[in-house]
There are 2 protein chains.
Amino acid sequence: MSARTTAQDAVLSRLREDILTGVLGPGDQLVQESLAERYGVSRVPLREALKTLESEGQLVYYPHRGYFVVELSTDDLREVYHLRALLEDAALRAAVPALDERDLIDISELAEEIEQAAVDGDVRAMTEANRRFHFAMYDAAGMPRLSRLLRQLWEATDAYRALYYQGEDNRHRVTGEHAQMVRALRARDVDRIVALHDEHRSHSVAAVEALLNPRSRNPHRSHPREKP
Amino acid sequence: MSARTTAQDAVLSRLREDILTGVLGPGDQLVQESLAERYGVSRVPLREALKTLESEGQLVYYPHRGYFVVELSTDDLREVYHLRALLEDAALRAAVPALDERDLIDISELAEEIEQAAVDGDVRAMTEANRRFHFAMYDAAGMPRLSRLLRQLWEATDAYRALYYQGEDNRHRVTGEHAQMVRALRARDVDRIVALHDEHRSHSVAAVEALLNPRSRNPHRSHPREKP
DNA sequence: CATGGACGGATTGTATCCAATTCTTGCGGG
DNA sequence: CCCGCAAGAATTGGATACAATCCGTCCATG
């Protein structure tokens, strides 16, 4: 059998994980030797994974300087969410008429999975299930490139997403909104779904924006080099 | 001075060029050793460039099999153009109010540059100038991520674009449409620009679609391996 | 004749080594 | 004290060498 994955793919997953969980925070330089050692591979597959994350917009790359986790300004964040609004609306409008009973069941189960994770306070599991919940809807549009673009936009803010779900109140509001969305889906009420989704999104952008401009930025993070 | 570019960037440019000009056609496998030799580098920087093109959607990658130039189905093509319509409309609506006199002059000059290339029958120069013309507008929206997504969508069809401009009639229609768009820009008539742009786009999708389903596909191309 | 399995060449994947660039540090001069 | 600047250290960029995988072929077997 050939279920074995290549080292570059394994490293890519671990990098995503580390960005999502904040092990690698905004502004950090990704020193290749250290990371390669940490992941137990050589620098070659690591560099290919870094290149992927760069072209997805999660990292920035300066030749001969290295890769850094992107730091988003408030404007950057607004742009990402503006583009998400545009594309997610389109995805939902294409998806809802195409949903079959099986899809609805899957989506409902994912909503429950999120709720369970929220109750448990398992932030990691919650972000994971949350992404599957939303993309179950987007993917139903049957437009792979659209899904791909949306994945990029979601990942662009992964470095900040972890912070968001730290707040218990955020977690509970989210599950309530999801339940509303599932009901609207079953009713095939496209306009209502889009409206709920827009509202849902603007709540999270507001929350992340608040986290973005704190009085006191986390002072622990070390920034080995400043960028030009 | 440090104006020198890295090998991976140079290779990336040459790969884009070769895809755009059809040296590398849809379905071709990119054999690393041959390409590396052709470009005069080792496989390491080449692979990083391939990784970039993969995550942009111009190549597909099968682990342990290699990279192949994507082959677009009619549905794929329609999806790309549908997404372009969505995002380009948004870009234009944001851009037009922001254009200053300098931008308008630049855009006009680019339109003339395209026309000159069309007259000369210089397909390569025409596609190049055409891209700069359109992105001069999109970029004026001041949304770098939007520009980036659009660049990806444009490049996704690069492998087919060269064919389009082969037709002399296509080339002439295009320049006429550009002139109309420039006039509408000067008048700040947003709705008209968007309408013209949509029409412009649907002409090219129709033409490429026709090229995509020919009675006789090009039989010369060798396909070393078939994909799963 | 069809099928399956082992061998060998071709291609990709990874590690290691060296070169090139950038960053840091410390020193001297103003 | 501050700036410029020159070595040395740290880091990235690239080339080569080797390992792993895949694919086509050929032969044995039923």
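Buried area is the accessible area, taken with a 1.4 Å probe, that two parts lose on being put together, summed over both. The exercises below concern a predicted model.

**Exercise 1. Describe the interface of chain A and chain B: how much area is buried, and how many residues are in contact?**

Step 1. Chain A and chain B bury about 2900 Å² between them. Carbon and sulfur atoms account for 57% of that area.

Step 2. The contact involves 32 residues of chain A and 32 residues of chain B.

Step 3. Turn to the polar part. Across the interface, 18 residue pairs are in polar contact. The elements of chain A that each give two or more residues to the side touching chain B are helices H1 (7-20), H3 (43-55), H4 (74-95) and H7 (144-156). The largest share, 8 residues, comes from H4(A). Sorted by class, this side of chain A has 13 nonpolar, 8 polar and 11 charged residues.

Step 4. Between chain A and chain B there are 6 salt bridges. One of them could be checked by hand: the side chains of A:Glu48 and B:Arg47 meet with N and O 2.6 Å apart.

**Exercise 2. Determine which rotation and which shift superpose chain A on chain B.**

Step 1. The superposition takes a rotation of 180° with a shift of 0.0 Å along its axis, and it leaves an RMSD of 0.1 Å.

Step 2. The two copies are therefore related as by a two-fold rotation axis.

Step 3. The contact residues agree with one surface serving both copies: 97% of those of chain A recur in chain B.

**Exercise 3. Decide whether A:Trp154 is buried or exposed, and list its contacts beyond its neighbours within four places in sequence.**

Step 1. A:Trp154 is in helix H7 of chain A.

Step 2. The cut-off for buried is under 20% relative accessible area. A:Trp154 has 2% relative accessibility, so A:Trp154 counts as buried.

Step 3. With neighbours within four places in sequence set aside, A:Trp154 is in contact with A:Arg84, A:Glu88, A:Asn130, A:Arg131, A:His134, A:Phe135, A:Tyr138 and A:Arg161.

Step 4. For a separation in sequence set against one in space, take A:Gln58: this residue and A:Trp154 are 96 residues apart in sequence, and their C-alpha atoms are 9.9 Å apart.

**Exercise 4. For three salt bridges within helices of chain A, give the N to O distance and the spacing in sequence.**

Step 1. In the pair A:Lys51 and A:Glu54, the closest N and O atoms are 3.3 Å apart. Both residues belong to helix H3 of chain A; because they are 3 residues apart, about one helical turn separates them. A:Lys51 is buried, with a relative accessible area of 3%.

Step 2. A:Arg78 and A:Asp75 meet at 3.6 Å, N to O. They are 3 residues apart in helix H4 of chain A, so they too are separated by about one helical turn. A:Arg78 is partly exposed at 43% relative accessibility, whereas A:Asp75 is exposed at 56%.

Step 3. A:Arg102 and A:Asp106 meet at 2.9 Å, N to O. Both are in helix H5 (residues 101-120) of chain A, 4 residues apart, which is about one turn of the helix. A:Arg102, at 47% relative accessibility, counts as partly exposed, and A:Asp106 is partly exposed at 29%.

Step 4. Salt bridges can also share partners: A:Arg16, A:Glu56, A:Arg131, A:Glu155, A:Asp158 and A:Arg161 are joined in this way into one network. Over all chains the count is 48 salt bridges.

Terms used: Residues are numbered from 1 along each chain as its sequence is written. Chains are lettered from A and ligands numbered from 1 in the order in which they are written. This is a predicted model: local features need pLDDT of at least 70, side-chain atom pairs count only at pLDDT 80 or more; totals for chains, interfaces and linings use all residues. Side-chain values use heavy atoms; hydrogens and water are left out. Contact means heavy atoms within 4.5 Å. A salt bridge is a side-chain nitrogen of Lys or Arg within 4 Å of a carboxyl oxygen of Asp or Glu. A polar contact is a pair of N or O atoms within 3.5 Å; within protein, one must be able to donate a hydrogen and the other to accept it, and residues adjacent in sequence count only if both atoms are side-chain atoms. Ala, Val, Leu, Ile, Met, Phe, Trp, Tyr, Cys and Pro count as nonpolar, Asp, Glu, Lys and Arg as charged, and the others, Gly among them, as polar. Copies are superposed by least squares on the C-alpha atoms of residues with pLDDT of at least 70 in both. Buried means under 20% relative accessible area, exposed over 50%, partly exposed in between (1.4 Å probe, protein chains only).
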